[in-house]
Amino acid sequence: MPGRKLALIPSLGSVQITWTRANGDRLVLITTTAAMCVLNAFNFYNEMGKQDLQETTKLSRIQLEKALQLLVKKKILLNTKQVYEINQDFNPKKRKKLTIM
């Protein structure tokens, strides 16, 4: 129908990611679209600063801050001196499926 527009609202979306860790274990993460964008950036880089993440993900400063806080709080990302990296020792307590919202 003419006059209708579809608007994407990333803050209302969620994604399911299958994470294969270095030891071969698989973990399913259900998370926000913004957190997925941040995690995806680590497919290409081992560690990144906040400015690099913002340029790579194209998220607004507020969206990026929320996603980083969430991932650091859940201990998926480590934050040292404003540099973020994947926590290779992340242990979801024997759960294979984890919801991070």
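**Close-up views of a predicted model**

**View 1. Thr57 sits in helix H2 and is buried.** At 13% relative accessibility, Thr57 counts as buried, because the limit for that class is under 20%. The model shown here, as in every view below, is predicted. Thr57 belongs to helix H2, which covers residues 50-57. A polar atom of the Thr57 side chain lies 2.7 Å from the backbone oxygen of Leu53. Leaving aside residues up to four places away in sequence, Thr57 touches Cys37, Val38, Ala41 and Leu64.

**View 2. Lys58 lies in the loop between H2 and helix H3.** The loop that holds Lys58 runs between H2 and H3, and H3 spans residues 61-73. Lys58 is exposed, with a relative accessible area of 69%. That value puts Lys58 in the exposed class because the class begins over 50%. The backbone deserves a look too. Phi of Lys58 is near 65°, a positive value in a residue other than glycine. Most residues other than glycine have a negative phi.

**View 3. Gln82 is a non-glycine residue with a positive phi.** Its phi is about 65°. Gln82 is found in the loop between strand E4 (77-80) and E5. At 47% relative accessibility, Gln82 counts as partly exposed.

**View 4. Strands E1 and E2 form a hairpin.** Five residues lie between the two strands. In the turn, Gly24 has a positive phi of about 95°. E1 covers residues 14-20, and seven bridges join E1 to E2. The two strands run antiparallel. One pair to pick out is Trp19 with Leu27, its bridge partner in E2.

**View 5. Strand E2 is largely enclosed by the rest of the structure.** E2 spans residues 26-32. Five of its seven residues are buried, so the strand is largely enclosed. E2 also pairs with strand E6, residues 97-100, through four bridges. E2 and E6 run parallel, whereas E1 and E2 run antiparallel.

**View 6. Thr31 is a buried residue of strand E2.** Thr31 is found in E2. At 1% relative accessibility, Thr31 counts as buried. The bridge partner of Thr31 in E6 is Ile100. Thr31 can also be viewed alongside Val15. The C-alpha atoms of Thr31 and Val15 are separated by 5.6 Å. Along the chain, these two residues are 16 residues apart.

**View 7. The largest pocket holds about 350 Å³ of space.** Of the 17 residues that line the largest pocket, the closest to its centre are Trp19, Leu39, Phe42, Asn43 and Ile86. Trp19 also appears in View 4, where it is the bridge partner of Leu27. By class, the lining has nine nonpolar, six polar and two charged residues.

**View 8. E1, H1 and E5 each supply at least two residues of the lining of the largest pocket.** Helix H1 covers 33-41, and strand E5 covers 83-86. Which element gives the most to the lining of the largest pocket? E1 does, with four residues. E1 is also the strand joined to E2 by seven bridges.

Note on methods:
Residues numbered from 1 in each chain as written. Predicted model: local features only at pLDDT ≥ 70, side-chain atom pairs only at ≥ 80, totals over all residues. Heavy atoms only, no water. Buried < 20%, exposed > 50% of the residue type's maximum accessible area, 1.4 Å probe, protein only. Pairing = 2+ DSSP bridges. 1 Å grid on protein atoms, 1.4 Å probe; cavity = no way out; pocket = protein on both sides within 12 Å on 5 of 7 lines; lining within 4 Å. Points joined across faces, edges and corners; volume = space filled by probe spheres on them. Nonpolar A, V, L, I, M, F, W, Y, C, P; charged D, E, K, R; others polar. Polar contact = N/O pair within 3.5 Å; in protein donor to acceptor, adjacent residues only side chain to side chain. Contact = heavy atoms within 4.5 Å.
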